[in-house]
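The following note sets out points for a colleague's consideration. They concern salt bridges, sheet architecture and nonpolar cores.

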Amino acid sequence: MLGGWPAGGIWLSTEPTDMRRSFDGLSALVSTQLGENPASGRWYVFVNRRQTMVKVLGFEHGGYFVWAKRMEQGMFASPPALALGRKSLSLSRTQLSALLDGLDITVRRHRKRHSVPMAA
């Protein structure tokens, strides 16, 4: 996590997670529930049932890391309504930062942004 943002993206698990899990348990969840490779370079975000704790699992340069944050007061935002029926939801860096700050990550409208076309 000290190396910056992940190249592969950030995925939020929409189902409550047992926060007693660590490296092996969370990587097993990524494999079985999300159907992803935990060593893919993506970050996987898990929230407990009471929405008071978040864990982030990632893999960089030969090893896993687990980063945790617990709210002393209040709760983390619940996954957006768009995620109903889905096991995971892709997050942007901004949405992850908002989630970790306890803000609602529901996007009501995306503003138009300039993008440079990729060369073939």
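1. In this predicted model, Arg20 is exposed, with a relative accessible area of 73%. Its side chain meets that of Asp18 in a salt bridge, at 2.9 Å from N to O. Asp18, at 34% relative accessibility, counts as partly exposed, since values between 20% and 50% fall in that class.

2. The pair of Arg20 and Asp18 belongs to a wider set: four salt bridges are found in a search of the whole structure. Lys87 and Glu15 form one of them, with the closest N and O atoms 3.2 Å apart. Lys87 lies in the loop between E4 and E5, and Glu15 in the loop between E1 and helix H1 (23-32), so this salt bridge ties together parts that are 72 residues apart in sequence. Lys87 is partly exposed, with a relative accessible area of 43%; Glu15 is likewise partly exposed, at 29%.

3. A further salt bridge joins the side chains of Arg42 and Glu36, with an N to O distance of 2.2 Å. Arg42 has a relative accessible area of 25% and is partly exposed. Glu36 also counts as partly exposed, at 25% relative accessibility.

4. The strands form an open sheet of five, in the order E4-E3-E2-E1-E5, and the pairing is mixed. Strand E4 (63-70) and strand E5 (88-91) each have a single partner strand and stand at the edges, so one side of each is left without a neighbour in the sheet. From one strand to the next, the twist averages 25 degrees.

5. Within the sheet, strand E2 (residues 43-47) and strand E3 (residues 53-60) run antiparallel and are joined by four bridges. Tyr44 stands opposite Leu57 in E3. Helix H2 (residues 93-100) packs on the sheet and touches strand E1 (10-13), E2, E3, E4 and E5. The direction of H2 makes about 110 degrees with that of E5.

6. Which residues touch the most other members of the largest nonpolar core? They are Val45, Val54 and Leu96, in a core of 16 residues. E1, E2, E3, E5 and H2 are the elements that give two or more residues to this core.

7. Leaving aside residues up to four places away in sequence, the contacts of Val45 include Ile10, Trp11, Leu12, Val54, Val56, Leu96 and Leu99. Val45 also touches Ser13 and Lys55. A second core, separate from the largest one, has eight residues, among them Leu26, Leu29, Val30 and Leu57.

Technical notes
Residues numbered from 1 in each chain as written. Predicted model: local features only at pLDDT ≥ 70, side-chain atom pairs only at ≥ 80, totals over all residues. Heavy atoms only, no water. Pairing = 2+ DSSP bridges. Axes fitted to C-alpha atoms, helices over the stretch in contact; angles between N-to-C directions. Contact = heavy atoms within 4.5 Å. Core = buried A, V, L, I, M, F, W, Y, C linked by side-chain atoms within 4.5 Å. Buried < 20%, exposed > 50% of the residue type's maximum accessible area, 1.4 Å probe, protein only.
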